[in-house]
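Colleague: I'd like to go through this model with you and ask how some of the labels were earned. Can we take a look?

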Amino acid sequence: MAIGSGLGAQLGIAAESSYGTYQAPSKFIEFTKESLQLKKTTAQSAGIAAGRLLPLSSRRVLTRREAQGSFDIEVTNKGMGLLLQALMGTSVTPVQQGVTAAYLQTHTLASVAGKSLTIQKGVPLTTGTVTDKTFTGCKIISAEFSCEVGGMLMATFEIDSKDCDETQTLAVATYAPTSPFHFGQMAVKTGTYASETAHDGIRKMSVKIERPQDVERFYAGQAGLKKEPIENDQVKISGSIETDYTGTTLDDLHTSDAATSLVWEFIGPNIALTHDEAFRVVLPAIRLDEGPPAVDGFGVVKPTFSFVGLYDGTNQPRIEYMSTDTAL
């Protein structure tokens with residue numbers, strides 16, 4: 001029997017073989033909050049019947065079902081592969097580094113067609129009984145990563161789901177020992193692609209990756225459920241860099257509107273030889289939209305530069321993840 005509060009909750013995920021096909025959870029996420037919930041559309045008869053003062057209950061119908069929501073997590077040194085794959089689109093197999101225990105995942109930007117998840121959450125009653133809500137056909141619509149002084153690397157994943165099923169068996173949650181990436185491991189680099197150099201004075205960083213999709217594919221013959229969303233716009237990458245005004249490199253990029261490559265990385269403990277735990281976002285071309293420094297008092301000037309990620313014509317954005325995970 002679990003604790004009858006959020007302390008007894010759980011969230012498990014698995015990659016689906018096809019959109020909306022239930023797959024028992026194989027990974028369990030340590031989350032900080034979630035908002036996944038069923039969204040239903042109903043229609044109520046408005047037929048007139050002599051003397052009837054209220055709409056008739058039996059003439060209300062459920063016309064469609066879907067689910068939506070988000071969850072927040074701390075980005076850890078293990079167990080992130082399935083989420084990164086569903087976000088970025090490339091089918092990834094971890095590559096062993098030499099004969100060590102280190103495995104590199106390279107999640108390069110690609111189409112997310114066919115990439116869907118089953119997400120199962122357990123919600124405790126006050127009695128300690130944990131109820132099951134299983135969301136099938138989960139597509140990641142966006143993910144935002146952020147880290148600030150003294151904090152951990154956090155991520156928010158926005159989800160669109162085909163349906164919520166409450167008839168599945170709640171999986172038994174198991175958790176591998178993990179450690180979160182954090183500000184003390186963070187570096188921000190810009191410059192020529194593959195030759196970026198680190199910046200001083202960075203206080204906070206965020207990157208958001210949006211995967212626009214048509215989530216309104218409701219057709220006759222589908223029992224009120226949607227078909228797999230289809231990408232219907234270009235990927236949108238944006239972010240911000242909050243700094244102390246220690247140099248003019250970013251300011252000059254804003255003024256000239258020149259492109260630069262951006263690497264945002266977290267380097268953790270050594271796994272073996274020269275291979276360290278790592279989480280790295282590589283954006284081969286960004287351009288700064290806002291952020292010229294302004295003096296608003298006696299304190300240190302702290303500009304915040306906003307940027308957009310673009311295609312440099314050769315190299316796609318990617319997320320690199322070095323861990324001891326031998327599989328996603």
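Modeller: Sure. A disulfide here is a pair of cysteine sulfur atoms within 2.5 Å. Keep in mind that this is a predicted model, where local features need pLDDT of at least 70, side-chain atom pairs count only at pLDDT 80 or more, and totals for chains, interfaces and linings use all residues. Residues are numbered from 1 along each chain as its sequence is written, and side-chain values use heavy atoms, with hydrogens and water left out.

Colleague: Why is Cys138 not in a disulfide?

Modeller: The closest cysteine sulfur, in Cys164, is 9.3 Å from the sulfur of Cys138, so that is too far for a bond. By this rule the count of disulfides is zero.

Colleague: What makes Cys138 buried or exposed?

Modeller: Buried means under 20% relative accessible area, exposed over 50%, and partly exposed in between, using a 1.4 Å probe and protein chains only. Cys138 has 1%, so it counts as buried. Cys147 has 2%, so Cys147 is buried too.

Colleague: Why is strand E8 called largely enclosed?

Modeller: Strands are DSSP runs of at least two residues, numbered from the N terminus. In E8 (residues 117–124), seven of the eight residues are buried, so the rest of the structure largely encloses this strand.

Colleague: How do you know that E8 pairs with E9?

Modeller: Two strands pair if DSSP finds at least two bridges between them. Seven bridges join E8 to E9 (residues 130–148), so they pair, and they run antiparallel. Gly122 stands opposite Asp132 in E9. Strand E1 (residues 10–15) is also antiparallel to E8, with six bridges.

Definitions and conventions:
Helix = DSSP H or I, 4+ residues; strand = E, 2+ residues; numbered from the N terminus.
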